[in-house]
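This report describes one protein chain, from its charged side-chain pairs to its overall form. Please view the sequence and the structure together before reading on.

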Amino acid sequence: MATLTNAPALRSKARRERLRTLGFLSPWLVGFTVFFGYPLIATVYFSFMHYNQIEAPTFVGLRNWRYVLEQMPLFGPALWNTLWLVVVMVALRVVFGLGIGLLVTKIKSGVGFFRTAFYLPYLAPPVAATVAFVFLLNPGTGPVNDILGTIGIHAPNWFNDPAWAKPSLVLLSLWGIGDLMVIFMAALLDVPKEQYEAAELDGAGAFHKFRYVTWPSITPIVMFAVVTGVVQTMQYYTQALVAGKLASGVSVGPGTVIQPGYPDHSTLTVPQLVYSLGFQNFNTGAACVLSLVLFAIAMAVTTLLMRKRAGLLSAED
């Protein structure tokens with residue numbers, strides 16, 4: 001009888017706890033629904049529609065998908081450039097950021113100067129940093145080629161050469177490596193010194209201390225840097241677009257439409273193609289298809305990296 005009597009009170013308490021939990025989760029739920037759930041559903045919906053942002057959308061089935069995957073000539077180069085940047089840029093940024101972090105943590109004097117010098121380029125706005133970098137690497141007037149020429153090195157055309165355009169973007173990303181440097185510095189300084197002392201007592205050298213002490217301690221941070229780098233590079237847009245426009249030498253004025261990817265579509269990325277289709281050619285359906293393809297690739301790569309046996313983390317992490 002006591003159990004039956006307390007049942008309504010227990011149900012009321014459980015209901016209050018559920019409402020309290022929903023109240024705490026409501027900011028996240030609202031943000032997830034407004035900024036992720038609804039846009040994703042709308043993108044899937046418009047991928048099956050013919051929609052020019054003026055007239056009402058009309059259902060066309062798989063026509064947009066067939067157009068993007070089978071008929072669009074720039075889809076292949078844009079996807080290749082994006083994946084190339086993901087592999088090369090992310091890998092070099094992680095290696096370079098870790099190397100700079102190790103270097104700064106080992107310096108005995110002038111740590112503040114070197115830390116500030118490496119971090120300052122990261123604070124520059126992306127457009128301003130790209131403009132400065134294109135100027136420095138300008139094959140005709142840039143100081144970099146002049147310096148290389150004085151020491152007898154034949155300098156490339158950088159952003160004006162299809163073979164060097166993507167490596168130039170990678171150099172630009174390495175110039176602003178300050179964010180990863182700070183993250184790796186925090187991880188390196190967090191490694192217990194007792195482990196280094198024990199390794200020295202066992203006769204371990206610098207390589208073995210890094211391999212068996214430093215690396216196991218920072219692998220979660222390396223995984224974080226790789227995953228966030230992949231996601232960011234999948235959305236690579238501003239630097240490639242600005243660099244291509246500046247290197248092309250085309251003046252931009254009111255009403256001017258410049259096709260991205262200069263030179264010879266070597267810097268064209270999928271986000272640029274999405275913008276060109278959706279907001280320059282008003283082909284919203286095809287732009288949504290490209291967005292979904294990019295989203296699927298990013299999710300697949302991230303899932304693969306997050307698998308413990310395929311990623312950097314050990315089973316106990």
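A salt bridge is a side-chain nitrogen of Lys or Arg within 4 Å of a carboxyl oxygen of Asp or Glu. By this criterion, the structure, which is a predicted model, holds two salt bridges.

**Salt bridges**

Side chains of opposite charge can pair when their charged atoms come close. The two pairs are set out below.

| Positive partner | Negative partner | N to O distance |
|---|---|---|
| arginine 93 | aspartate 179 | 3.1 Å |
| lysine 209 | glutamate 200 | 3.1 Å |

Arginine 93 pairs with aspartate 179, and their closest N and O atoms are 3.1 Å apart. This pair links distant parts of the chain, since arginine 93 belongs to helix α3 (residues 75-106) and aspartate 179 to helix α8 (residues 178-189), 86 residues apart. Are these partners buried or exposed? Buried means under 20% relative accessible area. Arginine 93 has a relative accessibility of 15% and therefore counts as buried. Aspartate 179, at 17%, likewise counts as buried.

In the other salt bridge, the side chain of lysine 209 meets that of glutamate 200. Lysine 209 has a relative accessibility of 18%, so this residue also counts as buried.

**The cavity**

Rolling a probe the size of a water molecule over the atoms shows where empty space is left. The structure holds one cavity of 30 Å³ or more. The volume of the largest cavity is about 40 Å³. Which residues line the largest cavity? The lining consists of Leu74, Gln259, Pro260, His265, Leu268, Leu273 and Ser276. Four of the lining residues are nonpolar and three are polar, while none is charged.

**The chain as a whole**

The secondary structure of the protein chain comprises 13 helices and two strands. The radius of gyration of the chain is 26 Å, whereas the globule rule gives 20 Å for 317 residues; because the value is well over that figure, the chain is more spread out than a compact globule. Along its principal axes, the C-alpha trace spans about 95 × 75 × 35 Å.

How much of the chain is buried? Of its 317 residues, 35% count as buried. Among the contacts with a separation of 6 or more, 68% are between residues 24 or more positions apart. The salt bridge of arginine 93 and aspartate 179 likewise joins distant parts of the chain.

Terms used
Residues are numbered from 1 along each chain as its sequence is written. This is a predicted model: local features need pLDDT of at least 70, side-chain atom pairs count only at pLDDT 80 or more; totals for chains, interfaces and linings use all residues. Side-chain values use heavy atoms; hydrogens and water are left out. Helices (H or I, at least four residues) and strands (E, at least two) are DSSP runs, numbered from the N terminus. Buried means under 20% relative accessible area, exposed over 50%, partly exposed in between (1.4 Å probe, protein chains only). On a 1 Å grid over the protein atoms alone, a cavity is a set of points where a 1.4 Å probe fits but cannot get out, and a pocket is an open set with protein on both sides within 12 Å along at least five of seven lines; lining residues have an atom within 4 Å of a point. Grid points are joined across faces, edges and corners, and a volume is the space filled by probe spheres set on the points. Ala, Val, Leu, Ile, Met, Phe, Trp, Tyr, Cys and Pro count as nonpolar, Asp, Glu, Lys and Arg as charged, and the others, Gly among them, as polar. The radius of gyration is taken over C-alpha atoms; the globule rule is 2.2 Å times the number of residues to the power 0.38. Contact means heavy atoms within 4.5 Å.
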